Amino acid sequence: MTTPFRSPAGAATVFSTDQKIRVGSLNALRSSRTVFLGRNVFGGGVHSLPPSSSSTSSIKAVSTTEAAKPTKRSKVEIIKEKSNFIRYPLNEELLTEAPNVNESAVQLIKFHGSYQQYNREERGGRSYSFMLRTKNPSGKVPNQLYLTMDDLADEFGIGTLRLTTRQTFQLHGVLKHNLKTVMSSIIRNMGSTLGACGDLNRNVLAPAAPYAKREYLFAQETADNIAALLSPQSGFYYDMWVDGEQFMTAEPPEVVEARNDNSHGTNFVDSPEPIYGTQFLPRKFKIAVTVPTDNSVDLLTNDIGVVVVSDVNGEPQGFNIYVGGGMGRTHRMESTFARIAEPIGYVPKEDILYAVKAIVVTQREHGRRDDRKYSRMKYLLSSWGIEKFRDVVEQYYGKKFEAPRDLPEWEFKSYLGWHEQGDGAWFCGLHVDSGRVGGIMKKTLREVIEKYKLDVRITPNQNIVLCDIKSEWKRPITTVLAQAGLLQPEFVDPLNQTAMACPAFPLCPLAITEAERGIPSILKRVRAMFEKVGLEYEESVVVRVTGCPNGCARPYMAEVGLVGDGPNSYQVWLGGTPNQTQIARAFMDKVKIQDLEKVFEPLFYNWKLGRQAKESFGEFTTRMGFEKLKELINTYEGSPQ
């Protein structure tokens, strides 16, 4: 019996139901018992079968209508293919006297957790350096690693640490000849940068709160297991930075079992990378895990969103899974877009690793590899639709998804301030503007974390959580933190508490205008507009600013998203919600930074006058419609004093 389905490119591919086909990536390692069957038109992959239980078993060939036609591939796909599993030519480039690496090595070092950058504000040449990004599932940072990162920032970086929107550190300004020292120091002190960038699974998010509650612990454990499942296995990272010495902790047996399982044709047989092959994924891949109501992770912006479902006694039973979220887009190219994830179904808890693997493999096999603008999984979902996508995933999963379970409403939770963990200890969430830890703040955090031997966690909102604090430590810790400007949330402007910005200038090569350096002034001006139109101090809107349309600070989920579209100019997005469940829409282009009041003062004024009960600014802008909002701006004569 055969089951045909149609690829987006239009070529019908036939799958045998008695033995699943593994549509492998380009030029992946194939064992001598694996049969080459042709090319996948859409994904650009190699069709092949896992070896059968008997070496004498015959395998029927599968044909495609485009078998003889070469598939176009992006330049990065060719670089990956020739790299010997992300080694060459990076290994050679790191040994040269030049301050930078070549184009191929620039692409490969991303898989190791680093980007090559230069200061775009310097004239008369380029001063190259490297940004390193750690990988911290659930944002967990052991005490030893925090102190190491703090030291490395001073000795080899620019004297600051940056907390990212994916619960990791970024360390800027590392020179090429110091890379191995810095990387090996991170590895030897309970850290890693492996897979923090590049075409593979990135850091797995989970709520940063160190609650001793069963569902929170289970969500964080699941995030750890997914991260381990999808971590590269071929050793390129350790070969490069610690001369092949392994620093891997023992993995849970269920992770090893799920990775090695090939009962549904998911794996590359006899490959050093059983899930990724030589080509890894078409683009970056992002996953978040959370519990019901807690949307601190911006769940719907991820390729995969996973939600713990528990019984009436609070015991986890399984997971709702969402697929197809992603923020990146390109200005003036409507075929690129931000998208929020949609539900694909429910799986019992023992199946979560297999379901996640099946989704990843579906993207590996069918995501586009010819044009990187369209390589994220959201474009595959948009092309196929959820029903076809589910059908293909189920072939790799080997089961049908159950209907998603009903969930309560989502809330954004910042975890700022003091909270009981539930095990007799406390945690303290601290707001850090744009995640930038430097100066007296950095010095004081170091002193507190070192003195009390605290572990920390990084939140998806660029903040930091100090964990496992004894009751008798609360007062002295609060006092010393306040002296360094790390205040309790009642003393932090509500606008700042939910705002985010990407680094942008001067080091990001994609930045079009300011973000991190510009947002403090923007928030002060928004507060001044609030005061002018009579909005209360406790009222707020979610403001997110990025220097380009790639969306690192997730501006397309904000109530007010400012996306750089020219020098000192922003595209304005409106309509997100405080709980990050509704995507915003582009409202105006090319709004100059000096003209923000002309746009937003009339909108804030009319929100105050015309909103419904408990209606957020984002909900108000959606209800009114953009045509009406522009009319309000054009006819605004100023608020009565």
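How many helices and how many strands does the protein have? The protein has 18 helices and 24 strands, where helices (H or I, at least four residues) and strands (E, at least two) are DSSP runs numbered from the N terminus. This is a predicted model, in which local features need pLDDT of at least 70 and side-chain atom pairs count only at pLDDT 80 or more, while totals for chains, interfaces and linings use all residues. Residues are numbered from 1 along each chain as its sequence is written, and side-chain values use heavy atoms, with hydrogens and water left out.

Of the 641 residues in the protein, 60% are buried, a word that stands for under 20% relative accessible area, with exposed meaning over 50% and partly exposed lying in between (1.4 Å probe, protein chains only). Among contacts between residues at least 6 apart in sequence, 68% join residues at least 24 apart, contact meaning heavy atoms within 4.5 Å.

A good place to start is an open sheet of 4 strands, which has the order β11-β12-β13-β14 and mixed pairing; two strands pair if DSSP finds at least two bridges between them. At its edges stand β11 (287–290) and β14 (342–348), each with a single partner strand, so one side of each is left without a neighbour in the sheet. From one strand to the next, the twist averages 20 degrees. Strand β12 (residues 304–310) is joined to strand β13 (residues 316–323) by 7 bridges, and the two run antiparallel; V309 has G318 in β13 as its bridge partner. Helix α6 packs on this sheet and touches β11, β12 and β13, its direction making about 160 degrees with that of β11, where axes are lines fitted to C-alpha atoms, for helices over the stretch in contact, and angles run from 0 to 180 degrees between N-to-C directions. Helix α11 (residues 386–397) also packs on the sheet, touching β13 and β14, and its direction makes about 25 degrees with that of β14.

Helix α6 (residues 214–229) has a further neighbour in helix α9 (residues 352–366), with which it packs at an angle of about 45 degrees, the axes lying 10 Å apart. The two helices are therefore oblique to each other, on a scale where angles under 35 degrees count as roughly parallel, over 145 as roughly antiparallel, 65 to 115 as roughly perpendicular and the rest as oblique. In this contact, T222, N225, I226 and L229 of α6 meet I352, L353, V356 and K357 of α9. By class, the contact of α6 with α9 has 5 nonpolar, 2 polar and 1 charged residues; Ala, Val, Leu, Ile, Met, Phe, Trp, Tyr, Cys and Pro count as nonpolar, Asp, Glu, Lys and Arg as charged, and the others, Gly among them, as polar.

Further along the chain comes strand β19 (residues 464–469), of whose 6 residues 5 are buried, so β19 is largely enclosed by the rest of the structure. Strand β16 (residues 426–430) is joined to β19 by 4 bridges and runs antiparallel to it, with C428 standing opposite L466 in β19. Strand β18 (residues 456–458) is likewise antiparallel to β19, through 3 bridges, and R457 has V465 in β19 as its bridge partner. The hairpin of β18 and β19 has 5 residues between the strands, and in it Q462 takes a positive phi near 70 degrees.

Another open sheet is formed by 5 strands in the order β20-β21-β22-β23-β24, with mixed pairing. Its edge strands are β20 (500–501) and β24 (585–592), each of which pairs on one side only. Within this sheet, 7 of the 7 residues of β22 are buried, so β22 is largely enclosed by the rest of the structure. Strand β21 (residues 543–546) runs parallel to β22 and is joined to it by 4 bridges, whereas β22 and β23 pair in the antiparallel sense over 6 bridges. The hairpin of β22 and β23 has 2 residues between the strands, and N568 in the turn has a positive phi of about 55 degrees.

Helix α16 (residues 596–610) lies across β22 (560–566), β23 and β24, running at about 140 degrees to β24. The axes of α16 and helix α17 (residues 617–624) come within 10 Å and cross at roughly 90 degrees, which makes α16 roughly perpendicular to α17.
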